[in-house]
Amino acid sequence: MQTRPLRVLLIEDDQDDYILVSSLLSEISSTSYEIEWAPSYESGLEEIDRDSYDICLLDYRLGSHNGLELLHRMIEQGCRIPVILLTGQGDYSVDLEAMKSGASDYLVKGQINPPLLERSIRYSIERRRAEDALRASEKQLRLLSSQLLKYQESERKRVASELHDDLGQILTAVKFSIENALNHMESDTPISKTLQPLIPTLQHAIEEVRRIYTHLRPSLLDDLGILATIGWFCREFHRLHDNIEISLDTGKIKESDVPEPLKLVIYRIMQEALDNTAKFSSADTVWLTLERSEGSLMLTIRDNGIGFDPEEALSVANPKRGLGLASMQERAELSGGSLTIDSGNGGGTTIKAHWPC
Ligand SMILES: Nc1ncnc2c1ncn2[C@@H]1O[C@H](COP(=O)(O)OP(=O)(O)O)[C@@H](O)[C@H]1O
Ligand SMILES: [Mg+2]
């Protein structure tokens with residue numbers, strides 16, 4: 001139920017048209033309107049700044065300016081009042097342009113009657129409310145997703161350091177004590193024969209723990225930086241997947257070229273992309289490049305594997321949808337960059353992350 005009159009701003013340089021629109025509005029019995037008239041482009045701009053209107057009716061012809069120019073200015077200024085463009089001529093191209101520019105509706109002056117005007121105003125306001133609600137929930141989701149990624153990173157760091165400081169140290173101490181005990185006894189005693197096989201088992205456990213905590217968060221990243229970490233990761237990758245050659249090019253870039261907050265993002269994108277290559281691509285070569293050109297930083301990971309359909313893989317409707325590609329995209333965008341996935345049947349896969357900096 002409407003509790004107050006709807007506030008209408010009419011930006012219109014012809015007084016006769018102002019009188020006509022006022023009279024059309026007064027004929028609408030279901031709603032009451034309060035109309036404010038801005039008779040020029042300049043006064044329209046001033047009024048819009050007040051941001052106290054529910055709807056703006058904007059004339060296409062405004063002296064030496066036109067309504068679309070004003071509409072662009074309004075959008076630039078972040079004005080969220082819905083705008084209905086009024087024009088004296090039934091010009092389809094103006095109509096299209098108005099919609100592209102963000103107008104909510106387009107009405108031809110000679111054809112407006114009270115029910116048409118009432119419906120156009122009502123729909124425009126409703127649509128803008130729905131859009132604003134959608135924007136707000138998108139913003140909320142973004143925030144949630146960035147908090148989730150931050151939380152995930154801090155948890156990974158915590159678990160990695162506990163594995164390193166606690167479990168890793170305990171296993172090393174046990175292995176050391178057993179080795180020490182073995183050094184003090186004859187090697188063919190029953191107790192020595194029981195203890196000896198534990199050494200390689202413990203060594204294996206120590207290496208596993210190291211592999212897990214390094215995968216969670218390589219301390220190299222904090223200690224030696226992103227370039228050394230990429231180099232180490234690629235060598236590790238090739239050691240584990242010796243059927244895949246890896247060609248690395250970070251030759252021209254310096255550690256100081258990579259902004260500090262991007263280092264972990266780059267590492268996580270590379271980790272996920274190479275993990276996918278190993279799991280799905282059947283590629284025999286991967287090319288990884290990190291380069292800086294004027295004003296931008298670009299990470300490219302390309303494989304010559306079987307490729308896939310990125311649209312399908314990322315589709316919310318896909319029940320097998322993984323999180324890897326989406327999280328790469330999310331990480332790139334949350335850090336101010338963008339990420340593209342170019343892949344097709346048989347043509348390999350290219351992941352490009354790009355940051356302006
Ligand atoms: N480099 C690649 N080559 C071939 N297929 C890929 C590649 N990267 C991703 N895919 C496909 O995209 C899907 C989604 O990947 P991702 O989002 O990382 O989820 P997950 O790894 O959990 O399956 C994979 O299941 C795979 O089918
Ligand atoms: Mg994956």
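Visitor: Which five strands form the open sheet with mixed pairing, and in what order do they stand?

Guide: The order is E8-E9-E10-E12-E11. Strands and helices here are DSSP runs (at least two residues of E for a strand, at least four of H or I for a helix), numbered from the N terminus. Strand E8 (245-249) and E11 are the edges, each pairing on one side only. From one strand to the next, the twist averages 10 degrees. Please keep in mind that this is a predicted model, in which local features need pLDDT of at least 70 and side-chain atom pairs count only at pLDDT 80 or more, while totals for chains, interfaces and linings use all residues. Residues are numbered from 1 along each chain as its sequence is written, with chains lettered from A and ligands numbered from 1 in the order in which they are written.

Visitor: How do you know that strand E9 and strand E10 pair, and in which sense?

Guide: Two strands pair if DSSP finds at least two bridges between them. E9 (residues 285-293) and E10 (residues 296-303) have eight bridges, in the antiparallel sense, so they meet that definition. One of the partnerships joins Glu 291 to Met 298 in E10. Helix H9 (residues 226-240) packs on this sheet, touching E8 and E9, and its direction makes about 170 degrees with that of E8. Such angles run from 0 to 180 degrees between N-to-C directions, with axes fitted to C-alpha atoms, for helices over the stretch in contact. Contact means that the C-beta atoms of two residues, placed from the backbone, lie within 7 Å.

Visitor: What makes the pairing in the sheet E2-E1-E3-E6-E7 parallel or antiparallel?

Guide: That open sheet of five strands has parallel pairing. Its edges are strand E2 (33-38) and strand E7 (105-108), each paired on one side only. Neighbouring strands are turned by 20 degrees against each other on average, direction ignored. Inside the sheet, strand E3 (residues 55-59) and strand E6 (residues 83-87) run parallel and are joined by four bridges. Asp 59, for instance, has Leu 86 in E6 as its bridge partner. Helix H1 (residues 15-26) packs on this sheet against strand E1 (6-11), E2 and E3, with its direction at about 170 degrees to that of E2. Helix H3 (residues 67-76) touches E1, E3 and E6, and its direction makes about 145 degrees with that of E3.

Visitor: Why is Leu 70 called buried?

Guide: The term applies if 20 or more other C-beta atoms lie within 10 Å of a residue's own; 12 or fewer means exposed, and anything in between is partly exposed. Leu 70 has 24 within 10 Å, so it is buried. This residue lies in helix H3. Beyond its neighbours within four places in sequence, its contacts include Ile 11, Tyr 41, Gly 44 and Leu 58.

Visitor: And what makes Ser 282 buried, exposed or partly exposed?

Guide: Ser 282 has 14 other C-beta atoms within 10 Å, so it counts as partly exposed. Its place is in the loop between H10 and E9. Its phi is positive, about 55 degrees, although it is not a glycine. Most residues other than glycine have a negative phi.

Visitor: How do you know where the buried residues of helix H2 lie around its axis?

Guide: In H2 (residues 41-50), Tyr 41, Gly 44 and Ile 48 are buried. Seen down the axis, the buried residues fall within an arc of 55 degrees, so they line one face of the helix. That arc is taken over the directions from the helix axis to the C-beta atoms. On the other side, Glu 46, Asp 49 and Arg 50 are exposed. The buried residues pack against E1, E2, strand E4 (61-62), strand E5 (65-66) and H3.

Visitor: What makes the buried residues of H12 line one face or several?

Guide: They are Leu 325, Met 328, Arg 331 and Ala 332, in a helix spanning residues 324-334. Down the axis they fall within an arc of 130 degrees, so they line one face. H12 lies across E11 and E12, at about 145 degrees to E11. Just after H12, Gly 336 takes a positive phi of about 90 degrees.

Visitor: Which helix gives the most residues to the shell around ligand 1?

Guide: H10 does, with four residues, and H10 and H12 each supply at least two. In total, 15 residues surround the ligand, and among the closest are Asn 276, Ser 281 and Leu 325. A residue is near a molecule if its C-beta atom, placed from the backbone, lies within 6 Å of it.
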